[in-house]
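Q: I'm new to reading protein structures, and I'd like to look closely at one part of this one. Could you walk me through the strands in the middle of the story and what sits around them?

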Amino acid sequence: MPRRRNPEHERRCCAEPNRRERGASGAPPPAGTSVAYHLPMPTPPLHRPPRHPHAWAWLFGLSQLAVIAIWWVWGWKAGLPALMVTHGALVWATLRPRSRLLSPVLSRLPTQDRVVWLTIDDGPSDDTRAILDLLDRHEAKATFFLVGARAQARPELVADIVRRGHGIGQHSQTHPQAWFWALPPRAMRAQIDQAQSALTFLTGTRPRWFRAVVGMANPFVAASLKRHGLARVAWSARGFDAVLRDPAGVVARIERDLAPGAIVLLHEGAAHGRNVETLETLLVRLKALGFRTVLPEELDPAPAARPSEAHRAPGQLSRGQR
Ligand SMILES: [Zn+2]
C-alpha cells in the first residue's frame, strides 16, 4: 500500500529544489537559472487536535445575540424557535459522535485500500490477553482505547499491549458512561488529564488519540484535547458488541458498514463475556472479505509523538525498545 505523504515532511523538503535540481555538487543554481519546484497538494493530517477549542463559545454567544434581536423585532413566535434551534444545535453536536461542530473528529481513514482500523474500547480487562493472542494469530493490529484507572490497576496488560506492537488511545480516567456527556469543565479536565498522565507513565509515550465515553464529547472536551495534543476518534462501523452477545449478529452489523478505511468500534470486558469470540468471528470475516488491519500511523506518521522522558518510570519501555 502506498504511504500517504506527510505534509510536515513536504513542507520541509519541498520548500527548496531537490539535489538533482541543485546540481551534483549540491550548490545552488546560478542566478537567472529557472528551477522546477515541487508544489505538492497539501493533504490534511489524520491527527488533528482541536485548534480553536473555545470558538464554539463565541459562536454560541453571537447566536444568542441574534436570538434576542429576532425576539425583539418579530416577537416570541420567531424568537422561541430560534432559541430552540441554537440550543438544540449544541446538544446535537454533543450527543452525535461524528459531529465536527465542536472539534475535529476522525471517523474514517482516507484510503481506497481494503484496510480497516480496529479500535477496542474499555480495557484493560480480563479479555485483554486473549484478545492479544487472537490478534497475533491473525497477524492483526488494533488500537486499545484504555481507561486510565483500569490501566493503573493492571499495568502488566498495558505493557503487553505495547510490547506486541498495538496502539494506545485514551478513553477517560474512570469511564463515567452515564454522565460523561454532561460533565462540567473541571470534571471533564480531570478525566482527560488524569488518564493522559496515567497512560503516559505506563507506556512511556503520550497517547495521541482520544475516544469520548459513549462517543459523546461536550463543548468542554476540546480544550483538554488541545492541551494534550489529542485527536478525537469516532467510528464508521460498529455492531453494539458491548451489549449484544451474539457474535455472528454483531459481525453482520459491522459488515454492513465495512468499506476501505473503516474505523471499527469494538469493546472488551463486556458483562456478557463474548467480546473475544466476537473479535475472532470478525477477524475471520475480514480475511474472507480481503480486508487487513492497519494502524493510522502507517498512513500518517507521527512526527509529534515523542516519548515523554519526564513521565517515564525507570525500566519502562521506550519506543526504540519495543
Ligand atoms: Zn467506553
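A: Here is a tour that starts with the whole protein, settles on strand β2 and its partners, and then follows the chain outward.

Please keep in mind that this is a predicted model. The protein has 12 helices and 9 strands. Of its 322 residues, 35% are buried. If you take the contacts with a separation of 6 or more, 76% of them are between residues 24 or more positions apart.

Now to our part, strand β2, which covers residues 115-123. One of its partners is strand β3, residues 142-146, and the two pair in the parallel sense over 5 bridges. To find a spot where you can see this pairing, look for Thr 119: its bridge partner in β3 is Thr 143.

How enclosed is β3? Of its 5 residues, 5 are buried, so the strand is largely enclosed by the rest of the structure. Try looking at the directions of the side chains as well. In a regular strand the side chains alternate between the two faces of the sheet. In β3, Ala 142, Phe 144 and Leu 146 point one way, while Thr 143 and Phe 145 point the other way. Residues on both sides are buried, as all of these are. Thr 143, the bridge partner of Thr 119, is therefore one of the buried residues of a largely enclosed strand.

Strand β2 is also joined to strand β8, residues 262-267, by 6 bridges, and these two run parallel. Here a good landmark is Asp 121, whose bridge partner in β8 is His 267. Strand β8 is mostly covered, with 6 of its 6 residues buried. Ala 262, Val 264 and Leu 266 lie on one side of β8, and Ile 263, Leu 265 and His 267 lie on the other. Both faces are covered, since every one of these residues is buried.

From β8 you can step across to another strand. Strand β7, residues 237-238, is joined to β8 by 2 bridges, and these strands run parallel. In this pairing, Ala 237 stands opposite Val 264 in β8.

Let's go back to β2 and look at two details of its backbone. Asp 122 is found in this strand. Asp 122 has a positive phi of about 85°, although it is not a glycine. Is Asp 122 buried or exposed? It has 23 C-beta neighbours inside 10 Å, so it counts as buried. The other detail is the peptide bond from Gly 123 to Pro 124, which is cis, with omega near -5°. Pro 124 itself is placed in the loop between β2 and α5.

That loop takes us to helix α5, residues 128-137. Asp 136 is found in this helix. With 13 C-beta neighbours inside 10 Å, Asp 136 counts as partly exposed. You can also compare its place in the chain with its place in space: Asp 136 and Gly 165 are 29 residues apart along the chain, and their C-alpha atoms are separated by 9.8 Å.

Which way does α5 run relative to helix α11, residues 275-288? The axes of α5 and α11 come within 10 Å and cross at roughly 10°. That angle makes α5 roughly parallel to α11, and the crossing is right-handed. Where the helices touch, Ala 130, Ile 131 and Leu 134 in α5 meet Val 276, Leu 279, Glu 280 and Leu 283 in α11. By class, this contact has 6 nonpolar, no polar and 1 charged residues.

For another example of helix packing, turn to α3, residues 55-74, and α4, residues 76-95. Their axes are 7 Å apart and they pack at an angle of about 165°. The two helices are therefore roughly antiparallel to each other. On the α3 side, the contact is made by Phe 60, Ser 63, Gln 64, Val 67, Ile 70, Trp 71 and Trp 74. On the α4 side are Trp 76, Lys 77, Ala 78, Gly 79, Ala 82, Leu 83, Thr 86 and Leu 90. The residues of this contact divide into 10 nonpolar, 4 polar and 1 charged.

How values were computed:
Residues numbered from 1 in each chain as written. Predicted model: local features only at pLDDT ≥ 70, side-chain atom pairs only at ≥ 80, totals over all residues. Axes fitted to C-alpha atoms, helices over the stretch in contact; angles between N-to-C directions. Helix = DSSP H or I, 4+ residues; strand = E, 2+ residues; numbered from the N terminus. Parallel < 35°, antiparallel > 145°, perpendicular 65-115°, else oblique. Contact = placed C-beta atoms within 7 Å. Nonpolar A, V, L, I, M, F, W, Y, C, P; charged D, E, K, R; others polar. Buried ≥ 20, exposed ≤ 12 C-beta atoms within 10 Å, placed from the backbone. Pairing = 2+ DSSP bridges. Left-handed = near helix turned anticlockwise from the far one by under 90°.
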